[in-house]
Amino acid sequence: IVDRVSVPVLLAGGIMDGRGIAAALALGAEGIQLGTAFLGCPEAGSTALQRGVLAGAADGTLVTRAYSGRQARLVRTRLVDAIEDAGVDPLPFPLQALLVAELRAAALEAGRRDLLFVLAGQGAAAIRELPAAELVEALVSETEDAIRRLADR
(Lines give C-alpha, C1' and ligand atoms only; values in the text may rest on other atoms or scores of the structure.)
Protein backbone atom coordinates (compact mmCIF):
# COMPACT_ATOMS: atom_id res chain seq x y z
CA ILE A 1 0.00 0.00 0.00
CA VAL A 2 2.74 2.49 0.92
CA ASP A 3 4.17 2.05 -2.59
CA ARG A 4 0.83 2.92 -4.17
CA VAL A 5 -0.47 5.91 -2.18
CA SER A 6 0.81 9.36 -1.33
CA VAL A 7 -0.85 9.64 2.08
CA PRO A 8 0.40 8.37 5.44
CA VAL A 9 -0.39 4.72 6.04
CA LEU A 10 -1.32 3.56 9.53
CA LEU A 11 -1.16 -0.11 10.42
CA ALA A 12 -3.64 -1.63 12.85
CA GLY A 13 -4.55 -5.16 13.80
CA GLY A 14 -2.73 -7.86 15.69
CA ILE A 15 0.09 -5.74 17.07
CA MET A 16 0.77 -6.53 20.71
CA ASP A 17 4.46 -5.77 21.24
CA GLY A 18 7.46 -3.80 20.04
CA ARG A 19 8.44 -6.42 17.48
CA GLY A 20 5.09 -5.93 15.78
CA ILE A 21 5.56 -2.16 15.84
CA ALA A 22 9.06 -2.49 14.36
CA ALA A 23 7.73 -4.80 11.65
CA ALA A 24 4.99 -2.31 10.75
CA LEU A 25 7.54 0.49 10.54
CA ALA A 26 9.79 -1.70 8.38
CA LEU A 27 6.86 -2.23 6.02
CA GLY A 28 6.55 1.52 5.64
CA ALA A 29 3.76 2.40 8.05
CA GLU A 30 4.02 5.91 9.42
CA GLY A 31 1.91 5.10 12.42
CA ILE A 32 0.63 2.11 14.33
CA GLN A 33 -2.63 1.69 16.23
CA LEU A 34 -2.88 -0.77 19.09
CA GLY A 35 -6.22 -1.62 20.63
CA THR A 36 -6.38 -5.03 22.25
CA ALA A 37 -2.89 -4.56 23.72
CA PHE A 38 -4.38 -1.95 26.06
CA LEU A 39 -7.29 -4.07 27.33
CA GLY A 40 -5.11 -5.37 30.16
CA CYS A 41 -4.55 -1.85 31.46
CA PRO A 42 -6.62 -0.70 34.44
CA GLU A 43 -7.47 2.45 32.49
CA ALA A 44 -9.37 0.30 29.97
CA GLY A 45 -12.11 -0.36 32.50
CA SER A 46 -12.13 -4.09 31.87
CA THR A 47 -12.90 -6.24 34.88
CA ALA A 48 -10.52 -8.82 36.33
CA LEU A 49 -12.88 -11.47 34.96
CA GLN A 50 -12.70 -10.02 31.44
CA ARG A 51 -8.91 -9.70 31.65
CA GLY A 52 -8.78 -13.36 32.67
CA VAL A 53 -10.79 -14.32 29.59
CA LEU A 54 -8.43 -12.25 27.43
CA ALA A 55 -5.28 -13.73 28.94
CA GLY A 56 -6.69 -17.23 28.60
CA ALA A 57 -7.81 -16.81 24.99
CA ALA A 58 -5.95 -19.96 23.97
CA ASP A 59 -8.92 -21.00 21.82
CA GLY A 60 -8.53 -17.73 19.96
CA THR A 61 -11.07 -15.31 18.66
CA LEU A 62 -13.65 -15.28 15.92
CA VAL A 63 -15.58 -12.73 13.93
CA THR A 64 -19.29 -13.02 14.68
CA ARG A 65 -22.55 -11.09 14.81
CA ALA A 66 -23.47 -12.74 18.15
CA TYR A 67 -22.61 -9.70 20.28
CA SER A 68 -24.44 -6.85 18.58
CA GLY A 69 -25.77 -7.96 15.23
CA ARG A 70 -22.75 -6.42 13.49
CA GLN A 71 -19.52 -8.22 12.71
CA ALA A 72 -17.09 -7.98 15.63
CA ARG A 73 -14.15 -10.03 16.84
CA LEU A 74 -14.77 -11.79 20.16
CA VAL A 75 -12.83 -14.16 22.37
CA ARG A 76 -14.24 -17.66 21.99
CA THR A 77 -16.34 -18.63 25.00
CA ARG A 78 -18.86 -21.41 25.48
CA LEU A 79 -21.69 -18.93 24.93
CA VAL A 80 -20.24 -17.46 21.74
CA ASP A 81 -19.68 -20.94 20.35
CA ALA A 82 -23.24 -21.97 21.30
CA ILE A 83 -24.70 -18.98 19.48
CA GLU A 84 -22.53 -19.67 16.43
CA ASP A 85 -23.46 -23.37 16.43
CA ALA A 86 -27.20 -22.76 16.90
CA GLY A 87 -27.72 -22.21 13.19
CA VAL A 88 -29.88 -19.16 13.84
CA ASP A 89 -28.90 -15.76 12.49
CA PRO A 90 -28.41 -13.12 15.19
CA LEU A 91 -30.86 -10.24 15.14
CA PRO A 92 -29.83 -7.11 13.23
CA PHE A 93 -27.99 -4.31 15.03
CA PRO A 94 -28.87 -3.05 17.63
CA LEU A 95 -31.52 -5.65 18.48
CA GLN A 96 -28.98 -8.43 19.11
CA ALA A 97 -27.10 -6.18 21.55
CA LEU A 98 -30.34 -5.46 23.40
CA LEU A 99 -31.25 -9.15 23.42
CA VAL A 100 -28.01 -10.21 25.11
CA ALA A 101 -27.51 -7.15 27.36
CA GLU A 102 -29.03 -8.73 30.48
CA LEU A 103 -27.14 -11.96 29.85
CA ARG A 104 -23.85 -10.02 29.58
CA ALA A 105 -24.55 -8.23 32.87
CA ALA A 106 -25.63 -11.42 34.65
CA ALA A 107 -22.56 -13.33 33.44
CA LEU A 108 -20.27 -10.60 34.80
CA GLU A 109 -22.12 -10.48 38.11
CA ALA A 110 -22.03 -14.26 38.48
CA GLY A 111 -18.36 -14.49 37.51
CA ARG A 112 -19.15 -16.80 34.59
CA ARG A 113 -16.20 -16.58 32.21
CA ASP A 114 -17.85 -19.13 29.92
CA LEU A 115 -20.85 -16.84 29.38
CA LEU A 116 -18.99 -13.61 28.70
CA PHE A 117 -18.78 -11.64 25.50
CA VAL A 118 -15.31 -10.10 25.32
CA LEU A 119 -14.48 -7.95 22.32
CA ALA A 120 -10.81 -8.35 21.38
CA GLY A 121 -8.38 -8.78 18.53
CA GLN A 122 -6.44 -11.87 17.56
CA GLY A 123 -3.60 -11.11 19.97
CA ALA A 124 -5.85 -11.24 23.05
CA ALA A 125 -3.86 -13.95 24.82
CA ALA A 126 -0.78 -11.67 24.76
CA ILE A 127 -2.27 -8.88 26.87
CA ARG A 128 -0.19 -7.53 29.72
CA GLU A 129 -1.77 -6.29 32.91
CA LEU A 130 0.15 -3.03 33.24
CA PRO A 131 -0.86 0.58 33.70
CA ALA A 132 -1.10 2.25 30.28
CA ALA A 133 1.97 4.44 30.89
CA GLU A 134 4.07 1.38 31.74
CA LEU A 135 2.77 -0.49 28.70
CA VAL A 136 3.69 2.43 26.45
CA GLU A 137 7.18 2.55 27.99
CA ALA A 138 7.57 -1.20 27.43
CA LEU A 139 6.37 -0.92 23.83
CA VAL A 140 8.82 1.91 23.11
CA SER A 141 11.69 -0.05 24.66
CA GLU A 142 10.78 -3.24 22.80
CA THR A 143 10.48 -1.37 19.51
CA GLU A 144 13.87 0.29 19.98
CA ASP A 145 15.41 -3.09 20.87
CA ALA A 146 13.89 -4.76 17.81
CA ILE A 147 15.11 -2.00 15.50
CA ARG A 148 18.58 -2.10 17.09
CA ARG A 149 18.78 -5.91 16.64
CA LEU A 150 17.87 -5.54 12.98
CA ALA A 151 20.46 -2.79 12.47
CA ASP A 152 23.17 -4.95 14.07
CA ARG A 153 22.65 -7.81 11.60
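Is Leu99 buried or exposed? With a relative accessibility of 55%, Leu99 counts as exposed (over 50% of its relative accessible area; buried is under 20%, partly exposed in between, with a 1.4 Å probe and protein chains only). We're looking at a predicted model, where local features need pLDDT of at least 70, side-chain atom pairs count only at pLDDT 80 or more, and totals for chains, interfaces and linings use all residues. Residues are numbered from 1 along each chain as its sequence is written, and side-chain values use heavy atoms, leaving out hydrogens and water.

**View 1. The chain as a backdrop for the close-ups.** There are 5 helices and 4 strands here (DSSP runs numbered from the N terminus: H or I of at least four residues, E of at least two). Follow the sequence along and you get β-α-β-α-β-β-α-α-α. Along the principal axes, the C-alpha atoms fill a box of roughly 55 × 35 × 25 Å. Of the chain's 153 residues, 35% are buried. Among contacts (heavy atoms within 4.5 Å) with a separation of 6 or more, 62% join residues 24 or more positions apart.

**View 2. Leu99 and its nonpolar patch.** Leu99 belongs to helix H4. Together with Leu91, Leu95 and Leu98, Leu99 forms a nonpolar surface patch (Val, Leu, Ile, Met, Phe, Trp or Tyr side chains joined within 5 Å, or like charges within 9 Å, each residue having over 30% relative accessible area and no salt bridge, that is, no Lys or Arg side-chain nitrogen within 4 Å of an Asp or Glu carboxyl oxygen). The four share about 390 Å² of accessible area (Shrake-Rupley, 1.4 Å probe, with only the protein chains shown as cover for residues). For the whole chain, about 9,200 Å² is exposed, and carbon and sulfur atoms supply 54% of that.

**View 3. Helix H2, tucked away.** H2 runs through residues 48-55, and 6 of its 8 residues are buried, so the rest of the structure largely encloses this helix. The buried ones are Leu49, Gln50, Arg51, Gly52, Val53 and Leu54. Their cover includes strand S4 (72-75) and helix H4 (95-110).

**View 4. Thr77 in its loop.** Thr77 sits in the loop between S4 and helix H3 (78-85). Its relative accessibility is 6%, so Thr77 counts as buried. What does Thr77 contact, leaving aside neighbours within four places in sequence? Its partners are Val53, Arg113, Asp114 and Leu116. Val53 is one of the buried residues of H2 from the previous view.
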